[in-house]
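Visitor: I have a model open in front of me and would like to learn how to read its features. Could you walk me through it?

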Amino acid sequence: MAHVPLYAHPNPKKVLVIGGGDGGVLREIARHPCVEEIVICELDKDVIEISKKYLPFMAKGFDDPRVKVNIMDGAKFMEENQSAFDVIITDSSDPVGPACVLFETPFYMAMHGSLREGGIICTQGECVWLHVDLIQPLVKAITPLFHTVEYAYCTIPSYPSGQIGFIIATKAAAAGGEGNTKGCKVPVREPEKDVQRELRYYTPEIHRASFVLPAFANEPFLVANEDFYLICYIIWGCVTSDIIHLGKENYEKGVCLVLGGGWDATT
């Protein structure tokens with residue numbers, strides 16, 4: 001979540017984190033010596049304190065002298081800090097309760113306003129196997145706002161379906177100005193050798209691969225294809241996911257298709 005947008009930016013100096021009170025994203029941002037200031041907005045100060053007590057290996061991100069902590073609403077902070085950040089990372093929980101607003105267009109407009117020209121946002125984007133109904137309309141709504149909008153993912157066994165996705169978007173750069181101008185699929189910087197030895201997941205190759213999506217979840221599908229729907233079914237007691245072409249008329253009628261009887265049902 002931190003390294004893809006940061007290594008896609010040629011010279012990120014000022015970074016904002018919304019949420020992320022466990023300190024893990026801060027820890028990873030701190031590995032970038034070019035970053036001069038790291039600002040975090042966390043709504044619940046108890047998250048920070050509990051993380052420092054029970055998750056010190058993550059919360060050590062708060063120890064970096066470049067970190068400035070704000071206990072406040074991130075949207076309000078961005079409204080007060082226009083064109084201020086090179087990269088904005090939203091490390092949010094799922095869209096339940098207060099976190100719902102972080103998955104709505106006004107929040108993305110706030111991020112766009114707080115970005116510098118050529119800046120990059122990266123937000124928690126749920127999972128293409130389970131949440132296409134959430135991802136698709138959001139990507140469609142923000143595409144006119146940003147210069148580029150892309151979807152990436154990483155594999156994390158403890159998450160549902162073993163994956164978590166990211167919506168990554170860029171703000172158009174001024175002619176001749178610094179920043180990202182071509183999207184984020186290819187890193188424009190790479191970790192120094194000593195940094196790379198410390199990283200357990202990210203590599204330049206992983207960076208590129210994270211944007212390679214299954215056929216059902218490619219960009220045309222996320223933006224425009226309304227005839228495919230995600231169906232979850234059970235095979236031998238294991239919840240699996242696949243994409244079935246039902247057609248919108250059947251989906252709206254609540255048609256249910258049950259599959260089973262072989263391992264090849266998911267191919």
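Guide: Happily! Let's begin with one facing pair: Ile18 stands opposite Thr90 in β4. Keep in mind that this is a predicted model.

Visitor: Which strands pair there, and in which sense, parallel or antiparallel?

Guide: The general idea comes before the case. Strands of a sheet pair through backbone hydrogen bonds, and the sense is either parallel or antiparallel. Here, strand β1 (residues 14–19) pairs with strand β4 (residues 85–91) in the parallel sense, over 5 bridges.

Visitor: How many strands form the sheet, and in what order?

Guide: There are 7 strands in an open sheet, and the order reads β3-β2-β1-β4-β5-β7-β6, with mixed pairing. At the edges stand β3 (67–70) and β6 (148–155); each has a single partner strand, so one side of each lacks a neighbour in the sheet. From one strand to the next, the twist averages 20 degrees.

Visitor: Now the rings, please. How many aromatic pairs does the structure hold?

Guide: It holds 3 aromatic pairs. One of them joins Phe77 and Phe85: the pair is tilted, with 6.1 Å centre to centre and 40 degrees between the planes. Both Phe77 and Phe85 are buried. Another of the pairs is Phe107 with Tyr108, which is edge-to-face at 6.5 Å centre to centre, with 90 degrees between the planes. Phe107 is buried, and Tyr108 is buried as well.

Visitor: What lies over the face of Phe85?

Guide: That is Lys14, at 5.1 Å from the ring centre. For this reading, look for the NZ of a Lys within 6 Å of the ring centre and within 35 degrees of the ring normal. You can find such an arrangement at Phe62 too, where Lys52 lies over the face at 5.2 Å from the ring centre.

Visitor: Let's turn to the backbone. Which residue in the loop between β5 and α7 should I look at?

Guide: Look at Glu126, in the loop between β5 (115–124) and α7 (132–142). Glu126 is not a glycine, yet has a positive phi of about 55 degrees.

Visitor: Is Glu126 buried or exposed?

Guide: Buried counts as under 20% relative accessible area. Glu126 has 3% relative accessibility, so Glu126 counts as buried.

Visitor: And where is Ser161?

Guide: Ser161 sits in the loop between β6 and β7 (163–170). Ser161 also has a positive phi, about 70 degrees, although it is not a glycine. With a relative accessible area of 41%, Ser161 is partly exposed.

Note on methods. Residues numbered from 1 in each chain as written. Predicted model: local features only at pLDDT ≥ 70, side-chain atom pairs only at ≥ 80, totals over all residues. Heavy atoms only, no water. Phe/Tyr/Trp six-rings, centres within 6.5 Å; stacked < 30°, edge-to-face > 60°. Buried < 20%, exposed > 50% of the residue type's maximum accessible area, 1.4 Å probe, protein only. Pairing = 2+ DSSP bridges. Helix = DSSP H or I, 4+ residues; strand = E, 2+ residues; numbered from the N terminus. Axes fitted to C-alpha atoms, helices over the stretch in contact; angles between N-to-C directions.
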